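Could you walk me through how the helices in this protein pack together, and then show me where the main pocket lies? A friendly tour in plain paragraphs would be ideal.

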Amino acid sequence: MALPMKKIRINEVKHVIHIKSIKKSFPGYDLITGKILKEPSQKGLRAKTQIYNAILQTEYFPRQWKVGQIIMIVKPEKHPNDITSYRPISLLPILSKILEIILLQLLTSVIDESKLITSHQFGFRKEHRTVEQAHRIVYKINNDLESKRYCSAAFTDTSQAFDKIWHTGLLYKLKRAFPHH
């Protein structure tokens, strides 16, 4: 049995709504803009927070929030008549983007508290930049050279790693590590 997931608070929703990227987000098919969400009443904020908590409690993500409006944008300096010159962008409803950011914050706190990811993992982590990883490696190499020890390393760059992952194993590990919700 897992502990219940922490409830989302009104100030968390308010904070995410006021993030610059949400304010400037293009609306999805529902045409709700960040500007509209930025100016709600306290009652409106409370209603959104209740909806988000209900989604967590019922473990049901609204289907309408999964529907994206696909727009095609021409890549810079590419010929518009070539199909590969376009980049598809999916515009999702902003309400689902807000929930996504809140869930990321909740999951990140679980990951950090239980130390599920080693401190040497730098990809896709806040405040873990490539430059810092390069400094760490250079420091380690210098240390070993000064101590007259061997220093070896193996570097891999797995393209499209998530497409090649063993999904059953990943789901098993996620279920073991995270709260049920």
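What follows is a tour of three helix contacts and then of a pocket.

Before we set off, please keep in mind that this is a predicted model. A handy way to begin is with the general idea that two packed helices are described by the angle between their axes and the distance between the axes.

Let's start at helix 1, which covers residues 10-17, and look across to helix 5, residues 94-114. The axes of these two helices come within 10 Å and cross at roughly 120°. Angles of 65 to 115 degrees count as roughly perpendicular, and helix 1 and helix 5 are therefore oblique to each other. As for handedness, the crossing of helix 1 with helix 5 is right-handed. On the helix 1 side, the contact uses V13, V16 and I17, and these meet I98, I101, I102 and Q105 of helix 5. Sorted by class, the residues of this contact are 6 nonpolar, 1 polar and no charged.

Helix 1 also packs against helix 4, which spans residues 42-58. Here the angle is about 105° and the axes lie 9 Å apart, so helix 1 and helix 4 are roughly perpendicular to each other. Helix 1 brings I10, V13, K14 and I17 to this contact, while helix 4 supplies Q42, L45, R46, K48, T49 and Y52. The class count for this pair is 5 nonpolar, 2 polar and 3 charged. If you are following along in the viewer, V13 and I17 are worth picking out, as they take part in the contact with helix 5 and in the contact with helix 4.

The next pair is helix 4 with helix 5, packed at an angle of about 60° with axes 11 Å apart. These helices are therefore oblique to each other, and their crossing is right-handed. From helix 4 come K48, Y52, I55 and L56, and from helix 5 come L95, I98, L99, I102, L103 and L106. This contact holds 9 nonpolar residues, no polar ones and 1 charged.

Now for the pocket. The largest pocket encloses about 2,200 Å³ of space. Its lining is made of 44 residues, and those nearest the centre are I117, Q121, G123, F124 and R125. The elements that each give two or more residues to this lining are helix 5, helix 6 (130-146), helix 7 (161-164) and helix 8 (167-177). Helix 5 provides the largest share, with 12 residues. By class, the lining residues divide into 24 nonpolar, 11 polar and 9 charged.

To tie the tour together, look once more at helix 5: helix 5 packs with helix 1, packs with helix 4 and lines the largest pocket.

How values were computed. Residues numbered from 1 in each chain as written. Predicted model: local features only at pLDDT ≥ 70, side-chain atom pairs only at ≥ 80, totals over all residues. Heavy atoms only, no water. Axes fitted to C-alpha atoms, helices over the stretch in contact; angles between N-to-C directions. Helix = DSSP H or I, 4+ residues; strand = E, 2+ residues; numbered from the N terminus. Parallel < 35°, antiparallel > 145°, perpendicular 65-115°, else oblique. Left-handed = near helix turned anticlockwise from the far one by under 90°. Contact = heavy atoms within 4.5 Å. Nonpolar A, V, L, I, M, F, W, Y, C, P; charged D, E, K, R; others polar. 1 Å grid on protein atoms, 1.4 Å probe; cavity = no way out; pocket = protein on both sides within 12 Å on 5 of 7 lines; lining within 4 Å. Points joined across faces, edges and corners; volume = space filled by probe spheres on them.
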